[in-house]
Amino acid sequence: MKKGVITISRGFGNGGHSIGKIAEETGFSTHTHEYMENCQRCAVAYEARR
């Protein structure tokens with residue numbers, strides 16, 4: 001099964017909070033900006049060791 005990533009900006013007044021709530025209600029995983037940055041750092045470190 002192919003998976004994708006959807007990013008949502010959470011700037012003031014853009015409706016990102018509502019969209020995030022709908023995503024969680026429909027079974028999509030949601031992650032914070034900090035979580036995604038940590039994943040990126042880990043991926044870069046992994047690639048550097050290969």
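## From an exposed phenylalanine to the largest pocket

At 90% relative accessibility, F12 counts as exposed, since the cut-off for that class is over 50%. The structure in view is a predicted model, and within it F12 belongs to the segment that comes before α1. A distance helps to place this residue with respect to a later part of the chain: F12 and R41 are 29 residues apart along the sequence, and 27 Å separates their C-alpha atoms.

The segment before α1, a helix that spans 16-25, also holds I8. With a relative accessibility of 35%, I8 is classed as partly exposed, because that class covers values between the buried limit of 20% and the exposed limit of 50%. I8 takes part in a nonpolar surface patch of about 410 Å², to which I6, I19 and F28 also belong.

The helix α1 itself can be read next from its buried side. Its buried residues are G16, G20 and A23. They lie on the same side of α1, because the arc that they cover around the axis is only 60°. After this helix comes G27, a residue whose phi is positive, near 95°.

From here the view can turn to the largest pocket, whose volume is about 870 Å³. Its lining is made by 23 residues, and those that lie nearest the centre are I6, T7, S29, T30 and H31. I6 therefore appears in two settings, as a member of the nonpolar surface patch and as one of the residues nearest the centre of the largest pocket. Both α1 and α2, the helix at 33-49, supply at least two residues each to this lining, and α1 gives the most, with seven residues.

The remaining feature concerns charged side chains. Side chains of opposite charge can pair when their charged atoms come close. In this model the count comes to one salt bridge, under a rule that asks for a side-chain nitrogen of Lys or Arg within 4 Å of a carboxyl oxygen of Asp or Glu. The pair is formed by the side chains of E47 and R50, with an N to O distance of 3.3 Å. The two partners fall into separate accessibility classes: E47, at 47% relative accessibility, counts as partly exposed, whereas R50, at 68%, counts as exposed.

Methods. Residues numbered from 1 in each chain as written. Predicted model: local features only at pLDDT ≥ 70, side-chain atom pairs only at ≥ 80, totals over all residues. Heavy atoms only, no water. Patch = residues over 30% accessible without salt bridge, like charges linked within 9 Å, V, L, I, M, F, W, Y side chains within 5 Å. Areas by Shrake-Rupley, 256 points an atom, 1.4 Å probe, with all protein chains shown as cover. Helix = DSSP H or I, 4+ residues; strand = E, 2+ residues; numbered from the N terminus. Buried < 20%, exposed > 50% of the residue type's maximum accessible area, 1.4 Å probe, protein only. Arc of directions from axis to C-beta. 1 Å grid on protein atoms, 1.4 Å probe; cavity = no way out; pocket = protein on both sides within 12 Å on 5 of 7 lines; lining within 4 Å. Points joined across faces, edges and corners; volume = space filled by probe spheres on them.
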